[in-house]
Each structure stands twice: as C-alpha cells, then as structure tokens.
Amino acid sequence: MASKILIIAAFLVILYTLASSFYFLVKDSGDGDRTVRRLSWRVGLSLGLVILLWIGFQLGWIEPQGVNPVRYPSEG
C-alpha cells in the first residue's frame with residue numbers, strides 16, 4: 001500500500017509542476033525562465049518515477065496488473 005501512495009504522490013507532484021509551468025507561461029508572457037525551470041523539474045520527476053517503478057518491479061514490491069498481466073514464477 002505504501003508503494004501506491006508514493007506513486008500517486010509523485011504523480012500529483014508531476015501534475016502540479018506541469019500546471020505551475022503553464023501558469024508561469026501565461027503570466028510571464030515568454031519573459032523569464034520560471035517556465036523552463038518548472039518543466040525541467042517535471043522531466044526530472046517523471047524520469048525518477050519511471051526509475052522508481054522499474055526498481056519496484058525488479059525487487060518484487062509491485063506487480064504488473066492489467067487485462068492480461070505477465071506472471072513470473074516466484075524465486076522463493
């Protein structure tokens with residue numbers, strides 16, 4: 001359950017940075033670098049989330065779910 005909360009929290013932070021970058025894009029009218037900094041944060045956070053998901057999958061903390069998920073035999 002903790003992994004789900006962490007993933008959802010990271011996703012919400014990514015959405016916040018995306019929304020704030022749009023706000024600064026409109027407010028600053030192309031002047032300043034706040035939009036670029038926020039979008040850079042968004043890219044970094046998105047990359048971090050993908051790496052976190054990959055590590056969680058590799059360590060067995062999370063399992064893929066979907067219409068036809070792949071099931072791997074346990075190594076225990």
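**Figure 1. Helix α2, end to end, in this predicted model.** Does the length of α2 add up, and what should its 26 residues span at 1.5 Å a residue? The expected figure is 38 Å, and the end C-alpha atoms sit 37 Å apart, so the two agree. The helix covers 34-59. Right after α2 comes Gly60, and its phi is positive, near 85°.

**Figure 2. The buried side of α2.** Which residues of α2 are buried? They are Thr35, Leu49 and Gly56. What they pack against is α1, the helix that runs over 2-28.

**Figure 3. Gly48 and Ala10.** Gly48 belongs to helix α2. With a relative accessible area of 36%, Gly48 is partly exposed, because that value falls between the 20% and 50% cut-offs. Pick out Ala10 as well: along the sequence it is 38 residues away from Gly48, yet in space the two are 9.0 Å apart, C-alpha to C-alpha.

**Figure 4. Ser20 and its partner.** Ser20 is found in helix α1. Is Ser20 buried or exposed? Its relative accessibility is 8%, and buried means under 20%, so Ser20 counts as buried. Its side chain also has company: a polar contact of 3.1 Å links it to the side chain of Arg38.

**Figure 5. The largest pocket.** Here the view moves to open space, with a volume of about 360 Å³ for the largest pocket. Its lining is made up of 13 residues, and those nearest the centre are Phe57, Gly60, Glu63, Tyr72 and Pro73. Gly60 is the residue with the positive phi that follows α2. By type, the lining splits into seven nonpolar, three polar and three charged residues.

**Figure 6. The second largest pocket.** This one has a volume of about 190 Å³. Which helices each supply at least two residues of its lining? Both α1 and α2 do, and α1 gives the largest share, three residues. The lining includes Met1, Ser3, Lys4 and Ile7, along with Leu53 and Phe57. Trp61, Ile62, Glu63, Pro64 and Gln65 are part of the lining too. Sorted by type, there are seven nonpolar, two polar and two charged residues. Phe57 and Glu63 may look familiar: they line this pocket and also lie among the residues nearest the centre of the largest pocket.

Terms used. Residues are numbered from 1 along each chain as its sequence is written. This is a predicted model: local features need pLDDT of at least 70, side-chain atom pairs count only at pLDDT 80 or more; totals for chains, interfaces and linings use all residues. Side-chain values use heavy atoms; hydrogens and water are left out. On a 1 Å grid over the protein atoms alone, a cavity is a set of points where a 1.4 Å probe fits but cannot get out, and a pocket is an open set with protein on both sides within 12 Å along at least five of seven lines; lining residues have an atom within 4 Å of a point. Grid points are joined across faces, edges and corners, and a volume is the space filled by probe spheres set on the points. Ala, Val, Leu, Ile, Met, Phe, Trp, Tyr, Cys and Pro count as nonpolar, Asp, Glu, Lys and Arg as charged, and the others, Gly among them, as polar. Helices (H or I, at least four residues) and strands (E, at least two) are DSSP runs, numbered from the N terminus. Buried means under 20% relative accessible area, exposed over 50%, partly exposed in between (1.4 Å probe, protein chains only). A polar contact is a pair of N or O atoms within 3.5 Å; within protein, one must be able to donate a hydrogen and the other to accept it, and residues adjacent in sequence count only if both atoms are side-chain atoms. The expected span of a helix is 1.5 Å times one less than its number of residues. Contact means heavy atoms within 4.5 Å.
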